[in-house]
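Q: Please take a close look at one part of this chain. Pick one short stretch and place it in the whole.

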Amino acid sequence: MPPRFLTRSLPFFTRVGITGLLAALHATLADGVWLDDATSADPTTVLGSTAARQLGVRDVADGQRVFIGGQWFAVVGILDPVGAASGLDRAAVVGMTAAQTWLADDTLSPGTVYVRTTDDGIDAARNVLPATINPETPEEVEVSRPSDVL
């Protein structure tokens with residue numbers, strides 16, 4: 001099967017505690033495997049369900065690849081729809097090391113940050129996250145609770 005080209009911007013998420021992301025969001029894979037320490041360093045990606053559908057990627061067989069930010073990435077997994085974080089449905093999940101190696105530039109910044117906390121730590125996290133994530137303009141940071149949809 002020929003490689004797939006991204007014809008528009010596709011958001012990507014990087015690995016910061018990504019190994020627990022599936023469990024935290026009650027997400028599952030439609031096909032393939034999730035990123036781990038080994039694959040997170042390589043140019044590999046897990047596609048969200050919508051991204052995979054739009055690119056015509058139905059499974060990870062035959063070495064499917066997508067072109068992200070000027071680099072070919074092997075598709076190692078496809079997510080089922082994620083109700084708790086619909087942004088993942090339209091994304092290509094890329095490991096932090098891979099992002100730093102092949103996608104990093106001066107404009108690289110995450111569009112979404114997931115934080116897991118205990119129930120009694122929610123208010124404290126909500127109070128410090130905006131200034132921690134964007135100290136210059138914390139009012140531009142939206143803090144939500146995706147677990148509310150679970």
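A: What follows is a close look at strand 5. The model is predicted: local features need pLDDT of at least 70, side-chain atom pairs count only at pLDDT 80 or more, and totals for chains, interfaces and linings use all residues. Residues are numbered from 1 along each chain as its sequence is written, and side-chain values use heavy atoms, with hydrogens and water left out.

Start with the setting. The chain has 4 helices and 7 strands (DSSP runs numbered from the N terminus: helices are H or I with at least four residues, strands E with at least two). Their order from the N terminus is β-β-α-β-β-α-β-β-β-α-α. Of the 150 residues, 35% are buried (under 20% relative accessible area, 1.4 Å probe, protein chains only; exposed is over 50%, partly exposed in between).

Now strand 5. It spans residues 65-68. In a regular strand, side chains alternate between the two faces of the sheet. Here Val 66 and Ile 68 make up the covered face. Arg 65 and Phe 67 make up the uncovered one.

The partner is strand 6, residues 71-79. The two strands pair antiparallel over 4 bridges (pairing takes at least two DSSP bridges). They form a hairpin with 2 residues between them. Gly 69, in the turn, has a positive phi of about 55°.

Arg 65 deserves a second look. Opposite Arg 65 in strand 6 stands Ala 74. Arg 65 also lies over the face of Trp 72, 4.5 Å from the ring centre (the rule: NZ of Lys or CZ of Arg within 6 Å of the ring centre and within 35 degrees of the ring normal).
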